[in-house]
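This report describes the architecture of a protein chain, moving from its strands and sheets to its helices and aromatic side chains. Please keep the sequence and the three-dimensional view at hand while reading.

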Amino acid sequence: MSWLDNLCRTYENNSEHVGDRNDDIPLLPLFHSLQNAQVDVVLDGDGNFLRAAVVSKDDARTIIPATEESAGRSGGKIAPHALCDTLQYVAGDYLRWGGNPRKEKNESGFEDYIAGLDGWVTWSRDQQLRSVLTYLRKGLLISDLVEFKVLWASGEKLAERTKDSSKPYPIFKAVSGNNQATAFVRFSVEIPGDPQSHLWLSPRLRDSWRDYYRTSRSDSYGVCMVTGKTSRLAHNHPKFIRYPGDGAKLVSSNDSAGFTYRGKFTDAREACGIGVDITHKAHNALRWLIARQGYRDGDQAIVAWAISGANVPDPCADTFALLFGGDQDPIPTDSGYTAQEVGHALSTRIAGYSATLNNTDSVSVIGLDSATPGRMAIRYYRDLTASELLRRVQSWHEECSWLQRFGKDRVFVGAPAPRDIAEAAFGSRLDGNLRKATVERLLPCIVDGAPIPSDLVDSCVNRAANRNGIKPNSSECWEWEKSLGIACALFRYTHKERGYAMALNRERNSRDYLYGRLLALAEHLERRALSYGDEKRATNAEKLTQRFSDRPYATWLLLETALTPYCVRLSTKSPGFLYGVKREMDSVMDLFITDEFTCDRRLTGEFLLGYHCQRADLRSKPTKDDDDSDPNDDE
């Protein structure tokens, strides 16, 4: 239950954000819910209809008072909200105009709604609420809306849809399924001298509902398993956690007829007793955090937060998004193929987080996913201090860093995001469940500093080595470049003890690294020769990369033989360039131990590092110098 306690404390520490309309999903007041309204009805202080309008989608989000039952209602259950609701509940003439949600029962819930509102009005004596109650008791809401041309009728029934494009029917664009009967109604009451006519924005009414609802409930008391104190226990727990319309619940113990707790407990309170205030605060805070700073992929949601409310880094972001939010220029890579730029930028960014977080501040990371269609599961949860999280996030982005090409305009040095790693390991068209499971497996690597699963590293390396199907110089080439950068980053992180640098190491004489360098040199030489013939086909090195990784010695003999005609062409077109590449090849060959060069065992992911570094080094050299060099001067 520590996650509920942490979320509850987060809610209390961020009370100034309650009801803030600047948030996409605001932090809700206690016993309130969030709905999209389609119709705004304006009344005067005596309960007379003044006017009405269809609400634009930009202004549709409405915080409404709700009960436990109404906030968790589903299907045909009759459970009205306290004030704003659909026409089914607030319109006394709903059945007369053709509304009948359940044909076997001629009921709409209007009587229950009026009874609930009447109790609140009697307790609060609020004039605006009384105005709404007075008007709705007349039972003329739909008739007035039809007369005011907000709703449209066909005979004596509400029109369900229209294909007549010559007439403006804005209500059909606002409601779901072109069904006017599902329209959600909110109220405004204009009283001279009262500056706030919109009831859904009134802090006075929000406090009034909270106090009234607490006193009106006939709750059972018991020990709250979160606080350990005796308090009013919740019967139902909120839903709509991850996104609007999300019906799955994190906590549920109301299945007294099924097998939820049969044989273990006598009633739901023994199975799960949580105070009503605690559960509402915790769920409201979790909903707000996911919308504000969480990672979402379908039903999967991951969010990290500080109990104090201070900003924390997103563990599911790549380095570019972490440093710049994904909307600024990347780190320039022209100055060198090193981690100095990203290291400096990361230190500055982490120092910014440290300035607002104390080292001992509590930070939590939670991962959610659907267990069944109606139930949600906590798939990952960690409590740690702020200093631990910042240190591990910084280590991840520094140690799993490599040159990443995520598109033509998105090139940076840093760590990839877990979602990109999943796609690099299994392809961009992988199954959604596999992608979410892979992200879940990578989360401990970032938050706990755990090793990356070896099968993920091997899969990324194998896919990067297989270049078949991706045409060089095509618009899709960056996809292979992305896989290559991610594979290098993961292999470098997995073998941190070897100290791989992100620049060409001419002293490293390991077999796999040297073979990677040879492959890059062969590709470079052939690419230059092809350019003189204006040929844009793939080089032999590109086509044989997969075979080269499986049988490097045998494949290199083929590549070396195939380079002969290109060397002849270059000897006349660009002898200086040819001499430079051959000299580089010779220097690489000299580093081999003979037995290792002739060994034909499969290469590890290290050859990708050698290939990538050698290729980057070749590209960084000015072409003019290569061509102008005189081979005779060096011989």
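Strand 2 (residues 39–44) and strand 3 (residues 49–54) run antiparallel and are joined by five bridges. This is a predicted model, and every value below was computed from it. Two of the bridge partners may be located by name: V39 is matched with V54 of strand 3, and V42 is matched with R51 of strand 3. Four residues lie between the strands of this hairpin, where G47 takes a positive phi near 85°.

The hairpin belongs to a wider arrangement. Strands 3, 2, 8 and 5, in that order, make up an open sheet of four strands with mixed pairing. Which strands are the edge strands? They are strand 3 and strand 5 (85–86), each of which pairs on one side only. As general background, the strands of a sheet pair through backbone hydrogen bonds, and the pairing is either parallel or antiparallel. Helix 5 (residues 127–136) lies across strand 2, strand 3 and strand 8 (184–190), and it runs at about 120° to strand 8.

**A second sheet**

Another open sheet is formed by four strands in the order 11-12-13-14, and here the pairing is antiparallel. Strand 11 (295–297) and strand 14 (375–385) are its edge strands, each pairing on one side only. On average, neighbouring strands of this sheet are turned by 10° against each other, direction ignored. Strand 13 (residues 362–372) and strand 14 run antiparallel and are joined by 10 bridges. Within this pair, S364 has D383 of strand 14 as its bridge partner.

Two helices pack on this sheet. Helix 10 (residues 276–293) touches strand 11, strand 12 (300–306) and strand 13, and its direction makes about 100° with that of strand 12. Helix 13 (residues 386–399) touches strand 13 and strand 14, and its direction makes about 100° with that of strand 14.

**Helices and burial**

The chain as a whole contains 27 helices and 16 strands. Of its 635 residues, 51% are buried. Among contacts between residues at least 6 apart in sequence, 68% join residues at least 24 apart.

Why is helix 14 (residues 418–426) described as largely enclosed by the rest of the structure? The description holds because seven of its nine residues are buried. These buried residues are P418, D420, I421, A422, E423, A424 and A425. After helix 14 comes G427, with a positive phi near 95°.

Burial can also be examined in a loop. S108 lies in the loop between helix 3 (87–90) and helix 4 (110–124). Is S108 buried or exposed? Its relative accessibility is 4%, and S108 therefore counts as buried, since the limit for a buried residue is 20%. Leaving aside neighbours within four places in sequence, S108 is in contact with I78, Q88, Y89, Y94 and L95. One of these, Y89, is 19 residues from S108 in sequence, while the two are 6.1 Å apart in space, C-alpha to C-alpha.

Two packed helices are described in general by the angle between their axes and the distance between the axes. Helix 21 (residues 552–562) and helix 22 (residues 564–573) pack at an angle of about 35°, with axes 4 Å apart. Helix 21 contributes E560, T561 and A562 to the contact, and helix 22 contributes T564, P565 and Y566. By type, the residues of this contact comprise three nonpolar, two polar and one charged.

**Aromatic rings**

Across the whole structure, a search finds 18 aromatic pairs. One of them, formed by F491 and Y500, is tilted, with 6.1 Å centre to centre and 45° between the planes. Both F491 and Y500 are buried. Elsewhere, one aromatic cluster is formed by F31, W120, W123, W209, Y212 and Y213.

Rings may also lie beneath a charged group. The table lists two such cases.

| Charged residue | Ring | Distance from the ring centre |
|---|---|---|
| K496 | Y493 | 4.4 Å |
| R528 | F577 | 3.9 Å |

In the first row, K496 lies over the face of Y493. In the second, the charged end of R528 sits over the ring of F577.

Conventions:
Residues numbered from 1 in each chain as written. Predicted model: local features only at pLDDT ≥ 70, side-chain atom pairs only at ≥ 80, totals over all residues. Heavy atoms only, no water. Axes fitted to C-alpha atoms, helices over the stretch in contact; angles between N-to-C directions. Contact = heavy atoms within 4.5 Å. Nonpolar A, V, L, I, M, F, W, Y, C, P; charged D, E, K, R; others polar. Phe/Tyr/Trp six-rings, centres within 6.5 Å; stacked < 30°, edge-to-face > 60°. Buried < 20%, exposed > 50% of the residue type's maximum accessible area, 1.4 Å probe, protein only. Lys NZ or Arg CZ within 6 Å of the ring centre and 35° of its normal. Pairing = 2+ DSSP bridges.
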